[in-house]
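Student: I am new to this structure and would like to talk about its aromatic rings. Could we go through them together?

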Amino acid sequence: MKKNLLTGMLAAALLLTGCSALLERDYSSVTPHNAVPATEGDPSILRADSYQELVNALIYFVNGGMEEGTVRLYTDTENVEPFLSDACLEVVQEDPLGAYCVEFIKYTVDPVVAYSEAHIAITYRRTREQVASIVQATGVAAIRSELESALSAFAPERTLRISYFEENETFIQDLVRQAYYDAPAYALGMPEVDLTIYPNSGRQRIVEILLTYPLDAQELERRQEEVALALDGLALPLDSAAGTDMALKAAQFLLKAGRFDPQGGQTVYDLFHSGAANDEGLSLAYAALCQRLALPCQVAWGALEGEPHFWNVVQTGSGWRHLDLAAGERDDGPLYTDAQLTELGYTWEDSSLPRCAED
């Protein structure tokens, strides 16, 4: 009996020693970061154990459009005020959405036994509809697509949340210009562009683009309908010829509908409505007709003998070719390669257009 009791005591001692060894080991715990630690299931009452969690809580309130919220701060008492002051300033000045839509953030603090309870009040300078209309866009192609969509609808504004943004206002202005010429049937007057970027720096930013058109929306829509009818009328008799034949036929049909006038208007509407347009209006009209025919075509802009000038680049059976309807036909034909057009005194940015090389 004593032997069994001694054996049991030794086993218990070894077991306790083993547990003690386990408890004294170094260990690490990896848990997913909780940006919005709600308290007691209430999304308006959050917990923050650090400065970054406090910032995350404020961003959570802003993302939800909440005007009031509570954050329970489990930090040293002396850190509460500087944490709150710095966090509110960071969200308003450095977070993209906060910089865009928040006017200011106020707070009051009540001390509790185990934590400090901060009552947050947020004042916005944007409506919920404006915030909801923000479009996520990553990459130049996505930005141009959104801008083209806005211009085609004669929208007065477009707000984009752009990731990995390292450009400036001039870059966006250039994209608006490109999008305008990418939608030639809707290019009824280049709008004035007012840009604001939130915040002033960072890889992710919100770009607010305000567009002011030369005519009101109702008149623009009326003119666009007239343009659409004219394009349908021109496209209907054209057959399914492809390549060079289609490009030249489209040019011939268009020049029957209107002529080049250096003093004419600069939109496709001017050509169809008054029967004449300048080089910009003529190029836009040809590009719009090509789009109607599903024929790849771009409006090109550069200079001719040092003066600003517009023409087209169109895909033909021999590849991409330059076509300048404002110049009329020359002895060697109306379609040119890059080398041929350069010899004629044209200049342009090589990166803006597809290459027009020899076969």
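Student: Which residue lies over the face of W301?

Tutor: Happy to help! This is a predicted model. R177 lies over the face of W301, at 4.6 Å from the ring centre. W301 also belongs to a cluster that ring pairs form with Y180, Y181 and F310.

Student: How many aromatic pairs are there?

Tutor: The count comes to 11 aromatic pairs.

Student: Why is the pair of Y60 and F61 called tilted?

Tutor: Their ring centres are 6.2 Å apart, and a pair needs centres within 6.5 Å. The planes of Y60 and F61 stand at 55 degrees. Stacked would need under 30 degrees and edge-to-face over 60, so the pair is tilted.

Student: What makes F61 buried?

Tutor: F61 has a relative accessible area of 0%, and buried means under 20%. Y60, at 28%, counts as partly exposed.

Student: How do you know that Y74 and Y115 pair, and what do they tie together?

Tutor: The ring centres of Y74 and Y115 are 5.0 Å apart, and with planes at 45 degrees the pair is tilted. Y74 lies in the loop between β3 and α3, while Y115 lies in the loop between β4 and β5, so the pair ties together parts 41 residues apart in sequence.

Student: Are Y74 and Y115 buried or exposed?

Tutor: Y115 is at 16% and counts as buried, whereas Y74, at 28%, is partly exposed.

Student: What sits over the ring of Y74?

Tutor: The charged end of R47 does, 3.8 Å from the ring centre.

How values were computed: Residues numbered from 1 in each chain as written. Predicted model: local features only at pLDDT ≥ 70, side-chain atom pairs only at ≥ 80, totals over all residues. Heavy atoms only, no water. Phe/Tyr/Trp six-rings, centres within 6.5 Å; stacked < 30°, edge-to-face > 60°. Buried < 20%, exposed > 50% of the residue type's maximum accessible area, 1.4 Å probe, protein only. Helix = DSSP H or I, 4+ residues; strand = E, 2+ residues; numbered from the N terminus. Lys NZ or Arg CZ within 6 Å of the ring centre and 35° of its normal.
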